[in-house]
Amino acid sequence: PVQERCGRTALWRERDRAIVKRLLSTLGLLTLVAVAFSQRPGPPPVEQGQRPQDGPLRILRWVIESAPKQRFSGQRTMELVVEGRPVQLVEFVWREGHRTRIEYPENSPRKGFIIVEREGERLEFDPGRNEIRRRRGDMGGPDFVLERIRGAYSQGHVRVFEFESADVAGRKTIGLSVSDPQGNVAQKFWIDREKGVILAAVQYGRGGERRGYFEFTRINFDPTFPQGAFDIVRRGARIVDEADGPQVPWKVVLPTWLPDGFKETSRNVRQAGEQRVLVIHFSDGRRHMTLFQAPGRREFVLPPREASQGKTLMSGRVGDVWVAVLADLDARAVDAVLKSLRASD
């Protein structure tokens, strides 16, 4: 929906700055929102000894092929874990094919923010700055995740099971559980049995703890959208074009080697205190890696250790730029990524 995805700007209303500081201090977790989803309370876990069959692959293909035909409006709750505690946001979502609009209620810390995804671009309206930022379309959403899972499943890198699932937003669902070859569950999806829409999903950490989720609480498959629903028009708003990625005053450091299947899925700038930090997220649809970087003689503040539980965190320097890699990969792979980092031309 990705993340997904809350926490993408640093300027919020004054009364919410305490919340913002906690969110910004966990940069690594925020990059997972685009693919961090939830478990509907009650569904039974995958039974021991259950074997994947051809059914899950057909379901994945059906959901992916249904995406261009999806049309709905609804309300969903999104949760992410910040410093060991869950933080929830409510989102109002409109979708028509690959076009999406997200707004927030009056009591939300993101009141007034608008996000529009359309035709390969992402628009974000920041009411505090009266600014519309134009970026490349985010490749971290549910459709992208399922496409990556389908590829990994076909190659035997993940296991996918159907499970008996509960209703979500009053709709019957199909449950899919994704695990590594050893049986550790990484994600679960609750898919509308008639429309193929992902109504709820969850992502788990290595220890089985829930790392975040989204879940629709209300959905309408016969909406009426006003004219210009998938555009953002605000009087006097400044247009900031970041279609080629956010601009930073240093040569961006990028890996020259990535684990098989990994691709860049998002790139954002976060404000950590007085320092701007560039955050680049990579994923193969199942595993995730975040690259943080900022220039200067002093190392920037990394995500707190408790937020990195179950992940490998390594840091170093490339020229005048401090870098850190946070990933659910083993130390050997993270070290190889870190050693491959080079300043871009």
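This passage describes strand pairing, salt bridges and aromatic contacts in a predicted model.

Strand 10 (residues 198-204) and strand 11 (residues 210-220) run antiparallel and are joined by five bridges. Within this pairing, Ala 200 stands opposite Glu 215 of strand 11. The two strands form a hairpin with five residues between them. In that hairpin, Gly 208 adopts a positive phi near 90°.

The loop between strand 12 (238-242) and strand 13 (253-255) contains Gln 247. This residue has a relative accessible area of 53%, and because the cut-off for exposed is over 50%, Gln 247 is classed as exposed. Its C-alpha atom is separated by 9.2 Å from that of Leu 278, a residue 31 positions away along the chain.

Side chains of opposite charge can pair when their charged atoms come close. In the model, the count of salt bridges comes to 20. One of them is formed by the side chains of Glu 91 and Arg 76, with an N to O distance of 2.7 Å. Glu 91 belongs to strand 2 (residues 85-96) and Arg 76 to strand 1 (residues 71-82), so this salt bridge ties together parts that are 15 residues apart in sequence. Both partners fall under the 20% limit for buried residues: the relative accessibility is 0% for Glu 91 and 4% for Arg 76.

A salt bridge also occurs between Asp 284 and Arg 287, where the closest N and O atoms are 2.8 Å apart. Here Asp 284 is buried, at 8% relative accessibility, whereas Arg 287 is partly exposed, at 23%.

In helix 5 (residues 331-340), Asp 335 and Lys 339 are four residues apart, which means that about one helical turn separates them. Their side chains meet in a salt bridge with an N to O distance of 3.0 Å. Asp 335 is partly exposed, with a relative accessible area of 25%, while Lys 339 is exposed, at 56%. Elsewhere, Arg 118, Glu 121, Arg 134 and Asp 231 are joined into one network by salt bridges that share partners.

Aromatic contacts were examined next. A search of the whole structure gives six aromatic pairs. In one of them, the ring centres of Phe 72 and Phe 221 are 6.1 Å apart and the planes stand at 70°, so the pair is edge-to-face. Phe 72 is in strand 1 and Phe 221 is in the loop between strand 11 and strand 12, so that distant parts of the chain, 149 residues apart, are linked. Phe 72 and Phe 221 are both buried.

The rings of Trp 94 and Phe 225 have centres 5.6 Å apart and planes at 35°, and the pair is therefore tilted. Trp 94 is located in strand 2, and Phe 225 in the loop between strand 11 and strand 12, so the contact ties together parts 131 residues apart in sequence. Trp 94 is partly exposed, with a relative accessible area of 27%, whereas Phe 225 is buried, at 15% relative accessibility.

Phe 72 and Phe 221 also belong to one aromatic cluster together with Phe 214 and Phe 216. Arg 76, the salt-bridge partner of Glu 91, lies over the face of Phe 214, at 5.1 Å from the ring centre. In a further contact of this kind, Arg 234 lies over the face of Phe 125, at 5.3 Å from the ring centre.

Terms used. Residues numbered from 1 in each chain as written. Predicted model: local features only at pLDDT ≥ 70, side-chain atom pairs only at ≥ 80, totals over all residues. Heavy atoms only, no water. Pairing = 2+ DSSP bridges. Buried < 20%, exposed > 50% of the residue type's maximum accessible area, 1.4 Å probe, protein only. Salt bridge = Lys/Arg side-chain N within 4 Å of Asp/Glu carboxyl O. Phe/Tyr/Trp six-rings, centres within 6.5 Å; stacked < 30°, edge-to-face > 60°. Lys NZ or Arg CZ within 6 Å of the ring centre and 35° of its normal.
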